[in-house]
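Student: I am new to this structure and would like a close look at one part of it. Please keep to one starting point and work outward from there.

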Amino acid sequence: MQPRNASVAVVGAGSFIGAAIARRFAQEGFAVHLGRRGGDKLAPLIAEIEAEGGRATGRSLDARDPEDLAAFLDEAEAIAPLEVCIFNIGGNVSFPLTETTDRVFRKVWEMGCFAGFVTAREAARIMVPRERGAIFFTGATASRRGGSGFSAFAAAKFGLRAVAQSAARELGPKHIHVAHLVIDAGVDTDFVRERIAAREGREALAALPPGRLMNPASVAETYWALYSQSEDAWSFETEIRPFAEKW
């Protein structure tokens, strides 16, 4: 790979989608700077990327803390000019409306919406002066419609989409590509598989056909495609779903 003088910051670099994003951009020569709760969990991923000749750094990050988030993005900028910032925090919880506490609702909103706003603001602070960069947001089915039991999650994701849309309209003329990716699917993660098993049983989980759950690498490939778009044909919103998803 040919190293680039550019960095990618992943806010919410979990073990599945976030890790896949890191691998994909590292393969293209970007330095990747990764933040997540429990930053010690990043060690195997960083070692893997470095073993393949890539550049990776990472640490624990509380994306709800504006000072911590600003420092995290400044660290990416110090490694190499911040070219891409991807906000990939979920906060997918399900509770009946009457059992959704104030604390749960507020925490999910802080993780899924407020942290996205701060990410956009702080990434723009770095990117706007040089009129170059991309800020991408991971959305979900809940970004477009609220489901039973998902009032907190949907509220956060609806809000995140609004932040992304407003940022896109403001920053686009300044040559900053802002995009929102709607993942209308269950992604193939341990969390999703456990939920399917709990809801439908282990036999149903074993019977899932190939491609029924979305491969995290496919999400990363979509982000790479968004980054690769020409400035005269930027997408704001892209939806992706498996072949069998009902929509």
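In which element is the place of alanine 134, and is alanine 134 buried or exposed?

Tutor: The model is a predicted one, and everything below describes that model. Alanine 134 has its place in strand E5. With a relative accessible area of 2%, alanine 134 is buried, because buried is the term for anything under 20%.

Contacts come next. Leaving aside residues up to four places away in sequence, alanine 134 touches Glu83, Val84, Cys85, Met127, Ile176, His177 and Tyr227. One of these, cysteine 85, is 49 residues away from alanine 134 along the chain, yet the C-alpha atoms of the two are separated by 6.3 Å.

The sheet gives this strand its setting. E5 is one of 7 strands in an open sheet, whose order is E3-E2-E1-E4-E5-E6-E7 and whose pairing is parallel. At the edges stand strand E3 (55-60) and E7; each has a single partner strand, so one side of each has no neighbour in the sheet. On average, and with direction ignored, neighbouring strands are turned by 15° against each other. A helix, H1, packs on this sheet and touches strand E1 (7-11), strand E2 (31-36), strand E4 (82-87) and E6. The direction of H1 makes about 170° with that of E2.

Now follow the sheet to its E7 edge. Strand E6 (residues 176-183) and E7 run parallel and are joined by 4 bridges. Within this pair, histidine 180 has glutamate 237 of E7 as its bridge partner. The side chains of E7 (residues 237-240) alternate along the strand. Thr238 and Ile240 point to one face and are buried, whereas Glu237 and Glu239 point to the other face and are not buried.

The two buried residues of E7 lead to a helix. Threonine 222, in helix H8 (residues 216-228), touches Thr238 and Ile240, and also Leu181, when residues up to four places away in sequence are not counted. Threonine 222 has a relative accessible area of 16%, which means that it too falls under the 20% limit for a buried residue.

Return to E5, which also takes part in a pocket. The second largest pocket has a volume of about 210 Å³. Its lining consists of 13 residues, and those nearest its centre are Glu83, Arg132, Gly133, His175 and Trp234. Glu83 is also among the residues that alanine 134 touches. E5 (133-140) and H8 each supply at least two residues of this lining, and E5 gives the most, with 3 residues. By class, the lining has 5 nonpolar, 4 polar and 4 charged residues.

Two loop residues deserve a word on backbone angles. Most residues other than glycine have a negative phi. Histidine 175, named above for the pocket, has a phi near 70°, a positive value in a residue other than glycine. Histidine 175 lies in the loop between helix H5 (151-171) and E6. The relative accessible area of histidine 175 is 34%, so it counts as partly exposed, a term for values between 20% and 50%. Glutamate 131 likewise is not a glycine and has a positive phi, of about 55°. Glutamate 131 is found in the loop between helix H4 (102-127) and E5. At 48% relative accessibility, glutamate 131 is partly exposed.

Last comes the enclosed space. Rolling a probe the size of a water molecule over the atoms shows where empty space is left. In the whole structure, a search finds 1 cavity of 30 Å³ or more. The largest cavity has a volume of about 50 Å³. Its lining is made of Met1, Arg23, Ala26, Gln27, Glu48, Ile49, Glu52 and Gly54. The elements that give two or more residues to this lining are helix H1 (17-27) and helix H2 (43-51). H1, already met as a helix that packs on the sheet, gives the most to the lining of the largest cavity, with 3 residues. The lining of this cavity divides into 3 nonpolar, 2 polar and 3 charged residues.

To come back to the starting point: alanine 134 is in strand E5, and alanine 134 is buried.

Technical notes. Residues are numbered from 1 along each chain as its sequence is written. This is a predicted model: local features need pLDDT of at least 70, side-chain atom pairs count only at pLDDT 80 or more; totals for chains, interfaces and linings use all residues. Side-chain values use heavy atoms; hydrogens and water are left out. Buried means under 20% relative accessible area, exposed over 50%, partly exposed in between (1.4 Å probe, protein chains only). Contact means heavy atoms within 4.5 Å. On a 1 Å grid over the protein atoms alone, a cavity is a set of points where a 1.4 Å probe fits but cannot get out, and a pocket is an open set with protein on both sides within 12 Å along at least five of seven lines; lining residues have an atom within 4 Å of a point. Grid points are joined across faces, edges and corners, and a volume is the space filled by probe spheres set on the points. Ala, Val, Leu, Ile, Met, Phe, Trp, Tyr, Cys and Pro count as nonpolar, Asp, Glu, Lys and Arg as charged, and the others, Gly among them, as polar. Two strands pair if DSSP finds at least two bridges between them. Axes are lines fitted to C-alpha atoms, for helices over the stretch in contact, and angles run from 0 to 180 degrees between N-to-C directions.
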